[in-house]
Protein chains: 2
Amino acid sequence: MSTMVWRDDSGRSLADWPRPSVAVDVALLTVRDGRLAVLVHRRTDGYAAGAWSLPGTFVHEHERLADTALRALRDKAGVGGQRPEQLGVFDDPRRDARGRVLSVAHVDLVPADRLPDALLVPVVDGRAELPDGGDLAFDHGLILRRAVDWARALYRDRPDPRGLLPAVEFTLLDLLRLHEAVLGEELQKDTFRRRMLAGLVETPGRSRGSVGKPARLFRRIDGDGDVRDLTAPRE
Amino acid sequence: MSTMVWRDDSGRSLADWPRPSVAVDVALLTVRDGRLAVLVHRRTDGYAAGAWSLPGTFVHEHERLADTALRALRDKAGVGGQRPEQLGVFDDPRRDARGRVLSVAHVDLVPADRLPDALLVPVVDGRAELPDGGDLAFDHGLILRRAVDWARALYRDRPDPRGLLPAVEFTLLDLLRLHEAVLGEELQKDTFRRRMLAGLVETPGRSRGSVGKPARLFRRIDGDGDVRDLTAPRE
DNA sequence: GGAATAGTGTCTCTGAGACAATATCTA
DNA sequence: TAGATATTGTCTCAGAGACACTATTCC
């Protein structure tokens, strides 16, 4: 790697050409109280102060985009992400009145216990239910909708790829409730059981302390958390 | 819209922050001689002269990315695109030795008769067969692979969403050969017929001038060309 | 025993895929 | 008529979905 700045025939470097600003906005999803929720951020200073938005920040010069996403979560909301995935670039020229800002939207999905309750709002029908009843700033409503689609596709055929269940061992009912929260619709017990069984490992244990027949405990198959999401952009 | 430049509390505008360069690279695919082919571009001047690459260019300040893609095709290869779709951002910090360049990869798929034969190379197994037997510059090999996956997903359940067939009316065998070219594998006639029939309109016409029973002629159902690709980024 | 929940048997429906029979043209 | 291609009938297989029956626990 050379430290010299590359210049073309007319002596210009890349920095001499006009460039848009590049931001990364992150829809950090989780499941709380049996519902999908998204982490939002009250803009305190600078542009659009007072409005609710997804956490976002501008890309640093030598940073990978996924790292930008993690940094946005840390700096703007004080939370850690898990594995941000790219959703796409939002490029409407008028999406930010400050000037030309491209947003590389990201999504992540983490257990709720790592997140401050105060910043989470429920997602109903693909929309964020903000305290003031309004909408997310910029085009973040569009980003959220795409993020929800992403999460639903990710969970449709896999038990728990992002490790949202609190314990290592869980019953099929625990898993069913998680999936109902992500999908936003009710599922059939028997069909669901058969669909998930291939991705689970039986354990000798049984659930305790409830009414009715104790349920068998399962754990995720090795590698379930590492399954690639084939629909998401990845370099 | 104000023409004033926005400034934050410390008087800085967006342009005062470091920004990466943003390029758009386009995998323009077509079908020629019963095979998928990609349009490549011999870099003549500037960086990496002499190497083969996908056509690409830097984003202008107030341009939509899809327009950047069309401009790259026009300026670098003198061809027109149809409807570029975003594949994702390639952000490896070392993907371009000149400096930090993000590439928003795009893909497009157009009939071969609009393209100069000299710039087309066959795509075999997701790789471009370049005249010198080498590889595409930068990470364009990765972009091409993703572009091929995109095209295959687009054609799997639809007759001819990008209008690659030369005539308005065509037989099912014409369509079958097109699909075999895109998918890179042979298909069963009867299964294929039944899968496609829902998206086609029968015409009274029959094929002429061949051996065997003349085949019925079909045309695309209205709107087939406008089918949204739900997997591709879209704002 | 009764209530509640877990787990299984089985039926239907749909679609993919494959094979083969029938239909209709040209030479 | 022979050869070639188009079109359709039908069989199998797999999976989703739904219903209902059986099993096992706590009270």
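**Figure 1. Helix H1 of chain B in the predicted model.** Helix H1 of chain B covers residues 65-77, which makes 13 residues. At 1.5 Å a residue the helix should span 18 Å, and its end C-alpha atoms are 18 Å apart, so the expected and modelled values agree. An α-helix has 3.6 residues a turn, so residues three or four places apart point the same way. The buried residues of H1(B) are Leu65(B), Thr68(B), Ala69(B), Arg71(B), Ala72(B), Leu73(B) and Ala77(B). After H1(B) comes Gly78(B), which has a positive phi, near 70 degrees.

**Figure 2. Surroundings of Val79(B), in the loop between H1 and strand E6 of chain B.** Strand E6, on the other side of this loop, consists of residues 85-90. Is Val79(B) buried or exposed? Val79(B) has a relative accessible area of 4% and is therefore buried. Once neighbours within four places in sequence are left aside, the contacts of Val79(B) are Leu28(B), Leu39(B), Leu73(B), Arg74(B), Leu115(B) and Pro116(B). One of these contacts, Leu73(B), is also listed among the buried residues of H1(B). Leu28(B) is 51 residues from Val79(B) along the chain, and the C-alpha atoms of the two are separated by 9.8 Å.

**Figure 3. Arg32(B) in strand E1 of chain B.** Strand E1 of chain B is made of residues 21-32. Arg32(B) counts as buried because its relative accessibility is 18%, and the cut-off for buried is under 20%. Which side chain makes a polar contact with the side chain of Arg32(B)? The partner is Asp117(B), at 3.1 Å. Setting aside neighbours within four places in sequence, Arg32(B) is in contact with Asp117(B) and also with Ala112(B), Leu120(B) and Pro122(B).

**Figure 4. Pro18(A) and residues of chain B.** Pro18(A) belongs to the segment before strand E1 of chain A, a strand that runs over 21-32. With a relative accessible area of 44%, Pro18(A) is partly exposed. Not counting residues up to four places away in sequence, Pro18(A) touches Val59(B) and Glu61(B).

**Figure 5. Chains A and B and the axis that relates them.** A turn of 180 degrees, with a shift of 0.0 Å along the axis, lays chain B on chain A with an RMSD of 0.0 Å. The two copies are thus related as by a two-fold rotation axis. The same surface serves both copies, and 100% of the contact residues of chain B recur in chain A. Which residue of chain B comes closest to the rotation axis? That residue is Gly88(B), whose C-alpha atom is 2.8 Å from the axis.

**Figure 6. The protein surface near DNA strand C.** There are 20 residues around DNA strand C, and the nearest are Arg193(A), Arg194(A), Arg216(A), Asp190(B) and Pro214(B). Of the atoms of DNA strand C that come within 4 Å of the protein, 62% belong to sugar and phosphate. A phosphate oxygen of DNA strand C lies 2.9 Å from a polar side-chain atom of Arg193(A). The bases are also approached: a backbone N or O atom of Lys213(A) lies 3.5 Å from a base oxygen, and a side-chain N or O atom of Arg194(B) is 3.0 Å from a base nitrogen. H4 of chain A and H4 of chain B each supply at least two residues of this surface. By type, the surface residues are 10 charged, 5 polar and 5 nonpolar.

**Figure 7. The protein surface near DNA strand D.** Here 19 residues surround the DNA strand, and Asp190(A), Lys213(A), Arg193(B), Arg194(B) and Arg216(B) come nearest. Sugar and phosphate make up 58% of the atoms of DNA strand D that come within 4 Å of the protein. What lies 2.9 Å from a base oxygen of DNA strand D? It is a polar side-chain atom of Arg194(B). At the phosphates, a polar side-chain atom of Lys189(B) lies 3.4 Å from an oxygen, and a polar backbone atom of Arg216(B) is 2.8 Å from an oxygen. The elements that give two or more residues to this surface are helix H4 (189-197) of chain A and helix H4 (189-197) of chain B. H4(B) provides the largest share, 4 residues. The surface residues divide into 9 charged, 5 polar and 5 nonpolar.

Key. Residues numbered from 1 in each chain as written. Chains lettered and ligands numbered in written order. Predicted model: local features only at pLDDT ≥ 70, side-chain atom pairs only at ≥ 80, totals over all residues. Heavy atoms only, no water. Near = heavy atom within 4 Å. Polar contact = N/O pair within 3.5 Å; in protein donor to acceptor, adjacent residues only side chain to side chain. Nonpolar A, V, L, I, M, F, W, Y, C, P; charged D, E, K, R; others polar. Expected span 1.5 Å × (residues − 1). Buried < 20%, exposed > 50% of the residue type's maximum accessible area, 1.4 Å probe, protein only. Contact = heavy atoms within 4.5 Å. Least-squares fit on C-alpha atoms with pLDDT ≥ 70 in both.
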